[in-house]
Each structure stands twice: as structure tokens, then as C-alpha cells.
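Trainee: I am new to this structure and would be grateful for a guided introduction. May we look at the model together?

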Amino acid sequence: ALGRRCHGQREQEQEREQGSARPPPPEPSLLRFLVCPLSKRPLRYEEATNELINEELGIAYPIIDGIPNMVPEAARMTRKKPPAEGSEQP
């Protein structure tokens, strides 16, 4: 019975955290060493979206519970669409 009560409390805490509270940022000392697994370039931490951004490739890695998810398949494209070949962009 105790285990069930603890599990319920944990779920409530997670719901509260996901509500108005900001997710915890990754450890600053850790950020200095993290690079994009695709380009091997440094990443920029974006507090507003809680992601690590690779400006060069236009992708963002999510940070879940303070832990960066550096799997390329988990990354989100930050650019709307790559420009079509031959089209001029202003």
C-alpha cells in the first residue's frame, strides 16, 4: 500500500513541475563539454524552450529532467523548411 501512495505522490509532483515551474536547466559545467553528435560543434542552451540548439544545422535537442537527449532522431528541426534549390531568399 505504501508503494502505491508514493507513486501517486510522484505523479502529482511531476504534474506540478510541468505546470508553471520551469524545467531544471542542465549543469553549466556540463554544457561546456557537450557538442552536437552530428557536426561536433558546440551547442547553445535556449532557456525559453529548454533545448540545446545547433544553429549551423538548424536542429534542437530536448532536455528532459535536466538531461540533454542528444540522440539525432530526438532532435527537432528549428528551420521551417530548407530553401528549394535555385530559389533566391531575400
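**Strands and core**

Mentor: Before we begin, this is a predicted model, in which local features need pLDDT of at least 70, side-chain atom pairs count only at pLDDT 80 or more, and totals for chains, interfaces and linings use all residues. Residues are numbered from 1 along each chain as its sequence is written, and side-chain values use heavy atoms, with hydrogens and water left out.

Trainee: How many bridges join strand E1 to E2?

Mentor: Strands (E, at least two residues) and helices (H or I, at least four) are DSSP runs numbered from the N terminus. Two strands pair if DSSP finds at least two bridges between them. E1 (residues 44–46) and E2 run antiparallel, and the bridges that join them number three.

Trainee: Which residue in the turn between E2 and E3 has a positive phi?

Mentor: E2 and E3 pair in the antiparallel sense over four bridges. They form a hairpin with four residues between them. The positive phi, about 70 degrees, belongs to Gly 58.

Trainee: Which residue of E3 stands opposite Ile 53?

Mentor: Ile 53 lies on one side of E2 (residues 51–54) with Glu 51, and both are buried (under 20% relative accessible area with a 1.4 Å probe, protein chains only; exposed is over 50%, partly exposed in between). Arg 44 also stands opposite Ile 53. In E3, the residue opposite Ile 53 is Ala 60.

Trainee: Which residues does Leu 34 touch, not counting residues up to four places away in sequence?

Mentor: Contact means heavy atoms within 4.5 Å. With residues up to four places away in sequence not counted, Leu 34 touches Pro 42, Leu 43, Leu 52 and Pro 68.
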